[in-house]
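Here is a short note for a colleague who is opening this structure for the first time. Please keep the view open while reading.

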Amino acid sequence: MTTVTLASAPSLTPLLARGAALSPLKRAGAGAPLPETRLVLPAARTDARRLAAYAAVCGFPAPGPGAPLPLTYPHVLAFPLAMRVMADRRFPLPLLGLVHTGIDIARHGPALLPGDRPELTVYAEELVPHRRGTEVVMVTEARLDGEPVWVSRSSYLARHRVTGGAPDERGAAPGALPARTEWRLPGDLGRRYGAASGDRNPIHLHPLTARLFGFPRAIAHGMWTFARCVAEAERESGPSVSAHAEFRAPVLLPATVVHASRTTGDGTTAFELRTGPRRHLTGETTTRSPGA
């Protein structure tokens with residue numbers, strides 16, 4: 001792969017506009033080539049105000065100089081790099097309508113601190129056939145002193161007609177978990193999370209802009225639902241070393257959702273968000289490294 005080193009994180013708004021403009025020119029398919037480019041941002045900086053806003057809206061403890069970054073926060077730092085890859089003319093899937101379907105995060109070694117300046121690397125790893133279209137797997141790596149300390153893999157789905165119905169490799173949903181509490185999500189949640197994370201996709205901001213993309217109301221960010229569940233799991237079990245989620249159905253705002261979870265003796269907390277029988281998100285966190 002060709003490595004491109006950036007002087008600063010790109011702005012998300014122009015990338016959204018560029019990706020939307022190029023989307024009609026693209027045709028999704030698992031056989032298309034991916035851009036062989038790794039984007040690298042050396043010494044990424046955490047903005048204290050945005051971190052505090054992120055922690056508040058997602059339910060993490062208020063950050064301090066010695067407190068670790070939330071496990072999900074490096075995704076926020078690196079998201080502009082991922083958007084630059086996916087908004088590129090050489091990227092084969094249309095950015096418009098791309099759906100975040102899953103994420104896996106693993107921490108290696110001590111957690112990142114707000115004062116750390118990690119090197120971030122983002123690249124498109126592969127295209128995967130899906131029963132509803134084609135998924136791309138985007139990899140994000142954070143390094144300190146050349147050593148990987150945080151890695152994530154996100155799957156994004158481009159829907160299109162599939163001949164023969166490619167299998168969905170994620171399998172069936174797990175059995176229902178015991179309900180813990182109800183969360184009342186306000187109509188401005190998308191705007192609040194967008195201000196904290198920088199992700200101001202119009203489907204999350206207002207009913208009028210969401211309707212342009214086929215949603216009756218604004219929808220909650222998938223990464224907010226994931227981060228909120230991780231924060232809740234950590235409140236009971238302590239800091240996580242890994243987490244996984246599958247985004248199954250959008251949450252229309254405002255909403256009342258049920259948070260359900262179960263923690264086992266091996267340090268794993270399974271969780272889900274649902275309304276009635278409908279699951280919006282399923283996942284789990286782990287507080288112990290394998291073999292610990």
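The points below go through the spaces inside the model, its surface, its salt bridges and its backbone.

1. **Status of the model.** This is a predicted model. Please read each point below with that in mind.

2. **The cavity.** The structure holds one cavity of 30 Å³ or more. The volume of the largest cavity is about 60 Å³. Its lining is made by His-75, Ala-78, Phe-79, Ala-82, Met-138, Thr-140, Ser-152, Ser-154 and Tyr-156. Helix 3 (73-86), strand 5 (133-144) and strand 6 (147-159) are the elements that each give two or more residues to this lining. Helix 3 has the largest share, with four residues.

3. **Character of the cavity lining.** Which classes of residue line the largest cavity? Five are nonpolar and four are polar. No charged residue takes part in the lining of the largest cavity.

4. **The largest pocket.** The largest pocket holds about 1300 Å³ of space. It is lined by 48 residues, and those closest to its centre are Leu-98, Val-99, His-100, Ile-203 and Ile-219. Several elements give two or more residues to the lining of the largest pocket, among them helix 1 (12-22), helix 4 (189-197), strand 8 (242-247) and strand 11 (278-286). Helix 6 (222-237) is also one of these elements. Which element gives the most to the lining of the largest pocket? Helix 3 does, with five residues.

5. **Character of the pocket lining.** The lining of the largest pocket has 26 nonpolar residues. A further 14 are polar, and eight are charged. For the cavity, by contrast, the lining has no charged residues.

6. **A nonpolar surface patch.** Leu-96, Leu-212 and Phe-213 make a nonpolar patch of about 310 Å² on the surface. Leu-96 sits in the loop between helix 3 and strand 3 (99-107). Why does Leu-96 count as partly exposed? Its relative accessible area is 44%, and partly exposed covers values between 20% and 50%.

7. **Leu-22.** This residue lies in helix 1. Is Leu-22 buried or exposed? Leu-22 counts as buried, because its relative accessibility is 8% and the cut-off for buried is under 20%. Leu-22 and Leu-157 are 135 residues apart in sequence. In space, they are 17 Å apart, C-alpha to C-alpha.

8. **Salt bridges.** How many salt bridges does a search of the whole structure find? It finds eight. One of the pairs is Arg-90 and Asp-88, whose side chains meet at 3.0 Å, N to O. The two partners fall into separate classes of accessibility: Arg-90 is exposed at 52%, whereas Asp-88 is buried at 19%.

9. **A network in helix 6.** Glu-232 forms a salt bridge with Arg-228 at 3.0 Å, N to O. Both lie in helix 6, four residues apart, about one turn of the helix. Glu-232 also forms a salt bridge with Arg-235, at 3.6 Å, N to O. These two lie in helix 6 as well, three residues apart, again about one turn of the helix. Salt bridges that share partners thus join Arg-228, Glu-232 and Arg-235 into one network.

10. **Accessibility in that network.** Glu-232 is buried, with a relative accessibility of 15%. Arg-228 is buried too, at 14%. Arg-235 counts as exposed because its relative accessibility is 54%, and exposed means over 50%.

11. **A cis peptide bond.** Most peptide bonds are trans. Leu-253 and Pro-254, however, are joined by a cis peptide bond, with omega at about -5°. Pro-254 lies in the loop between strand 8 and strand 9 (255-263).

12. **Positive phi values.** Most residues other than glycine have a negative phi. Ala-43 has a positive phi, near 50°. Ala-43 lies in the loop between strand 2 (37-41) and helix 2 (48-58). It is partly exposed, at 33% relative accessibility. Asp-145 also has a positive phi, about 55°, although it is not a glycine. Asp-145 is in the loop between strand 5 and strand 6. With 82% relative accessibility, Asp-145 counts as exposed.

Note on methods:
Residues numbered from 1 in each chain as written. Predicted model: local features only at pLDDT ≥ 70, side-chain atom pairs only at ≥ 80, totals over all residues. Heavy atoms only, no water. 1 Å grid on protein atoms, 1.4 Å probe; cavity = no way out; pocket = protein on both sides within 12 Å on 5 of 7 lines; lining within 4 Å. Points joined across faces, edges and corners; volume = space filled by probe spheres on them. Nonpolar A, V, L, I, M, F, W, Y, C, P; charged D, E, K, R; others polar. Patch = residues over 30% accessible without salt bridge, like charges linked within 9 Å, V, L, I, M, F, W, Y side chains within 5 Å. Areas by Shrake-Rupley, 256 points an atom, 1.4 Å probe, with all protein chains shown as cover. Salt bridge = Lys/Arg side-chain N within 4 Å of Asp/Glu carboxyl O. Buried < 20%, exposed > 50% of the residue type's maximum accessible area, 1.4 Å probe, protein only.
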